[in-house]
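Subject: Structure for your files, with notes

Hello,

Here is the structure we talked about handing over. My notes on it follow below; please read them with the structure open.

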Amino acid sequence: MLLDEIYSIALEAGAAIMDRYHGQVQIEQKSDSSPVTDADLAANEIIVAKLKQLTPDIPILSEESAHTDWQERQHWESFWLVDPLDGTKEFIRKNGEFTVNIALIKEGKPVLGVVYAPALEKAWLGNGEKAWLETKAGREPIKVRVATVPTIVGSRSHPSPELAQYLEQIGEHKMTEVGSSLKFCLVAEGRAQRYPRLGPTMMWDTAAGQCVAESAGAIVTDLDGQPLNYHREELLNSSFIVLIND
């Protein structure tokens, strides 16, 4: 099954990340001033090589590889969208809240996604219809869950005044913060009911998590209620909300 093969690739990338996590991390600054580490690059090398071997006819768009120009990308009916190490700041802080994100996009929609948190030894998998949590204990199906007092999940590294204003408007709630695409996974597991992201993200930050959340029954839309679509020139996402029907 393709999902299991992608999960295996994520495990291999995660092992390379953890080799560096327990050692001396080499950090550089990218052109946009965001950090990149030797772990990002090692994981990227593994994922890209393995995907090319597994599906040679499906192109790859990864954060840590040269980005194919829209002139070519616009003709892609499907492609792999990869963030080899989502939550680099969390990785540098060594708090465990970072993930490997691999998603398959078809006609602008994520239809298969794996989010693997190597430090937590957990993975979340979605195939567009069902979602699962994978731990040492095995694999179990997950679904979104309604709560009388909803838990709102937000970013540990990117708080914003817009989020504070949003929270004022929604009434009684609990708030929790977590790094990387783990926020999507908390909603998918039923441990949170809403994830508003009112600040910048890139498409590789969200595709795998979106697939997991939607596969578990969540809805992911922009602020106008439109689905996040990945067939577009702009790599930067608009603000969005992950929520459940309650």
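V212 has its place in helix α7. This is a predicted model, and in it V212 is buried, with a relative accessible area of 0%. Setting aside neighbours within four places in sequence, V212 is in contact with G113, V115, W124, L125, G126, A131 and A188. I92 lies 120 residues from V212 along the chain, and the C-alpha atoms of the two are separated by 25 Å.

The helix around V212 comes next. Helix α7 runs over residues 203–215, which makes 13 residues. From its first C-alpha to its last, α7 reaches 18 Å, close to the 18 Å expected at 1.5 Å a residue. α7 nevertheless has a kink of about 25°, centred on G209. How much of α7 is buried? The count is 13 of the 13 residues, so α7 is largely enclosed by the rest of the structure. Just after α7, G217 takes a positive phi of about 110°.

Helix α6, residues 182–189, can be described in similar terms. In α6, 8 of the 8 residues are buried, so this helix too is largely enclosed by the rest of the structure. The buried residues of α6 include the charged-type names K183 and E189, along with L182, F184, C185, L186, V187 and A188. A188, one of these buried residues, is also among the contacts of V212. Just after α6, G190 takes a positive phi of about 90°.On cysteines: how many disulfides does the structure hold? The number is 0. C185 is in no disulfide, and the nearest cysteine sulfur, that of C211, is 11 Å away. Likewise C211 is in no disulfide, with the sulfur of C185 as the nearest cysteine sulfur, 11 Å away. A disulfide needs the two sulfur atoms within 2.5 Å, so the 11 Å between the sulfurs of C185 and C211 rules out a disulfide between them. Are these cysteines buried or exposed? C185 is buried, with a relative accessible area of 1%, and C211 is buried, also with a relative accessible area of 1%.

Next, the aromatic rings. The count comes to 8 aromatic pairs. One of them is formed by Y7 and Y116, which is edge-to-face, at 6.4 Å centre to centre and with 85° between the planes. This pair links distant parts of the chain: Y7 is in helix α1 (residues 2–21) and Y116 is in strand β6 (residues 109–117), 109 residues apart. Both Y7 and Y116 are buried.

Another pair is made by Y21 and F98. Their ring centres are 5.0 Å apart and their planes are at 55°, so the pair is tilted. Y21 lies in helix α1, while F98 lies in the loop between α4 (88–93) and β5 (99–106), so the pair ties together parts that are 77 residues apart in sequence. Y21 is buried, and F98 is buried as well. Ring pairs also bring F91 in, linking Y21, F91 and F98 into a cluster.

Y21 has a charge over its ring too: K94 lies over the face of Y21, at 5.9 Å from the ring centre. A second case is R232, which lies over the face of Y230, at 5.7 Å from the ring centre.

Helix α2 covers residues 38–54, 17 residues in number. α2 reaches 24 Å from its first C-alpha to its last, close to the 24 Å expected at 1.5 Å a residue. Which residues of α2 are buried? They are D38, A39, D40, A42, A43, N44, I46, I47, V48 and L51. What covers these buried residues includes helices α1 and α4 and strands β2 (35–37), β3 (60–62), β4 (78–86) and β5.

The last item is T151, which is found in strand β10 (residues 151–155). T151 counts as buried, at 14% relative accessibility. Not counting residues up to four places away in sequence, T151 touches K174, T176, R191, A192, Q193 and R194.

Regards

Notes
Residues numbered from 1 in each chain as written. Predicted model: local features only at pLDDT ≥ 70, side-chain atom pairs only at ≥ 80, totals over all residues. Heavy atoms only, no water. Buried < 20%, exposed > 50% of the residue type's maximum accessible area, 1.4 Å probe, protein only. Phe/Tyr/Trp six-rings, centres within 6.5 Å; stacked < 30°, edge-to-face > 60°. Helix = DSSP H or I, 4+ residues; strand = E, 2+ residues; numbered from the N terminus. Lys NZ or Arg CZ within 6 Å of the ring centre and 35° of its normal. Expected span 1.5 Å × (residues − 1). Bend = angle between axes of the 7 residues up to and from the residue. Contact = heavy atoms within 4.5 Å.
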